[in-house]
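Work through the exercises below with the coordinates open. Each task is followed by a solution in steps.

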Number of protein chains: 2
Amino acid sequence: MVNPMGFDFKGYLGEKRVQVDSALDEHFPRADGLTAELIEAMRYSLFAGGKRLRPILCIAGAEAVGGAGEQVLPVACALELIHTYSLIHDDLPLMDDDDLRRGKPTNHKVFGEAIALLAGDGLLTEAFSLMTSPYAIKNIEPASLLEVIQIIAVAAGCGGMVGGQVVDMQWEGRNAEFETVKFLHTHKTGAMIRASVTSGAIAAGAQASVVQRFSSYGYKIGLAFQISDDILDVEGDSEIMGKKAGADEEKGKTTYPSVLGMDESKKIQDALVQEAVQDLKVFGEAAEPLRQIAYYIIERKK
Amino acid sequence: MVNPMGFDFKGYLGEKRVQVDSALDEHFPRADGLTAELIEAMRYSLFAGGKRLRPILCIAGAEAVGGAGEQVLPVACALELIHTYSLIHDDLPLMDDDDLRRGKPTNHKVFGEAIALLAGDGLLTEAFSLMTSPYAIKNIEPASLLEVIQIIAVAAGCGGMVGGQVVDMQWEGRNAEFETVKFLHTHKTGAMIRASVTSGAIAAGAQASVVQRFSSYGYKIGLAFQISDDILDVEGDSEIMGKKAGADEEKGKTTYPSVLGMDESKKIQDALVQEAVQDLKVFGEAAEPLRQIAYYIIERKK
């Protein structure tokens, strides 16, 4: 791992994960009453051992421009809510029909399909509630907050994640062209990863020219992340990943390795990460977490 | 119909419906490309002949405090997107498993379950994109816009519509107590109807004390609307409604008529509408559309 400053990346990730987890726990306390099962279902997937990559990107984006993690926490948590909803809906029998996620039974396997659907709907909706909560309004400028919501909604919507999901589904079992695979990768996963880092910077008050650099960085690591997902599906260890390797080939999904080969895919992924790191040059030490996240994407095992 | 001022209510509804429809059409143009079917699925349900009750309540709320319909159009349209998403997900086989909606095949019957799920997800997400679009930001004060998003997200989320859906589903086929039915009615439908009128007033710049009156009006007509739904399910004409009457009894749903009897349900509904109209007294002629909407709720046939 490239780490010239001896930055304690593992410690950083651990600390931010705790910060995000306790904020999520506070926002979704266990509840009695008529909607107790809904809340339980949301918490089940929310606390199923996610890496918190998107919230940490948001916090690191804010810190890179002089903001604080506490300031952008509602945005960071909202990103995780949206990510979690997308996983729950994606796992449903009518979509990917997956039984395991992060080594645990998927939401609908535990709570049934109807509750899983509604838990997903609830998580997506609560993301926007959280971003306009009194805490968010107190800590983020109104104009910046509106811009953040716009960026996240666009990245999660039809021109972003949902659009990517549709293409993913429609092309399953068919030979897709490279341009289609690239669309899928930059939309299904990439758009929200890019929005995570830019929203953090914007929430912390960054100017448009600065945000542009994070946007470029985010685009590249988002694409690299999805390529690494493809690579892990071929070379990864099912036990470490908590999900079955080889699923892409089984389902007939067109991936970077299946179109370009494994060597070329790794080359592209490496180049994307190197270029992403270049985008951060002007920010110096403050952007070290973002640099380490870029390297981590290539090296991750799950 | 009580209409002392001879207000052309039918003309008003028609005019606003056209205004909302053309704004929705503009925001979701037909599209070529990889996500064409997604957009088509969203448009299918969006233009399936809805009454546009929620957007019109929003516009009427804005007009009652001196605002203009054009000003709050993004909010009005967002409410319809959220309403439409909830119908698509509700009709899915894993929920109510309905084949017909407004006399037409339901979304998943035409586009398949996966696209229907994603069309719903897309509509919900685009609602928040629309409310933070350049048009919205140009026409609504930032602080008001954030308050509007908060109110709508809370009304659509776990403490509102999604929570109501969960209770609706969990109590199907079981004898629910009156308090449970009231929770269901005020959450599943009532919360979004209430948010529709208050969000319009807030977006147009109304003060908190004024908004309180709309909130009270909205709560009452929201509950009255759901009671009238129960009544129509017993007494309504399937052909006019575009859906099968008697479905509640068939599914074993506890409703106002099934718990309190038909006469008592109608009495409660009438009283709610009368009280709602009282809430609007101070607004004079500017609130006439909202008064007519309250009366319409009792008299509607679909």
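**Exercise 1: The rotation axis**

Task: find which residue of chain B comes closest to the rotation axis, and state how the two copies are related.

Solution. In this predicted model, B:Pro142 is the residue of chain B that comes closest to the axis, with its C-alpha at 2.9 Å. Next, take the superposition: a turn of 180° with a shift of 0.0 Å along the axis lays chain B on chain A, at an RMSD of 0.0 Å. The two copies are therefore related as by a two-fold rotation axis.

**Exercise 2: The interface**

Task: describe the side of chain B that touches chain A, by element and by residue class.

Solution. Start with the count: chain B and chain A each put 41 residues into the contact. On the side of chain B, the elements that give two or more residues are helices H2 (36-46), H6 (113-131), H8 (142-156), H9 (161-170) and H10 (178-203). H6(B) gives the most, with 12 residues. By class, this side of chain B divides into 26 nonpolar, 11 polar and four charged residues. Finally, compare the two sides: 100% of the interface residues of chain B are also interface residues in chain A, so the copies meet through the same surface.

**Exercise 3: Helix H6 of chain A**

Task: check the length of H6(A) against its number of residues, then decide whether it is largely enclosed.

Solution. H6(A) covers residues 113-131, which is 19 residues. At 1.5 Å a residue the expected span is 27 Å, and the end C-alpha atoms are 28 Å apart, which agrees. For burial, a residue needs 20 or more other C-beta atoms within 10 Å of its own. In H6(A), 17 of the 19 residues are buried, so the helix is largely enclosed by the rest of the structure.

**Exercise 4: A helix pair in chain B**

Task: describe the packing of H3(B) and H16(B).

Solution. H3 (residues 53-64) and H16 (residues 288-299) of chain B pack at an angle of about 145°, and their axes are 8 Å apart. From H3(B), B:Leu57, B:Ala60, B:Gly61, B:Glu63 and B:Ala64 meet B:Pro289, B:Leu290 and B:Ile293 of H16(B). The residues of this contact are six nonpolar, one polar and one charged.

**Exercise 5: The fold of chain A**

Task: test the radius of gyration of chain A against that of a compact globule.

Solution. For 302 residues a compact globule would have a radius near 19 Å; chain A has 18 Å, which agrees. Its secondary structure comes to 16 helices and two strands, and 54% of the residues of chain A count as buried.

Terms used: Residues numbered from 1 in each chain as written. Chains lettered and ligands numbered in written order. Predicted model: local features only at pLDDT ≥ 70, side-chain atom pairs only at ≥ 80, totals over all residues. Helix = DSSP H or I, 4+ residues; strand = E, 2+ residues; numbered from the N terminus. Expected span 1.5 Å × (residues − 1). Buried ≥ 20, exposed ≤ 12 C-beta atoms within 10 Å, placed from the backbone. Least-squares fit on C-alpha atoms with pLDDT ≥ 70 in both. Contact = placed C-beta atoms within 7 Å. Axes fitted to C-alpha atoms, helices over the stretch in contact; angles between N-to-C directions. Nonpolar A, V, L, I, M, F, W, Y, C, P; charged D, E, K, R; others polar. Rg over C-alpha atoms; globule rule 2.2 N^0.38 Å.
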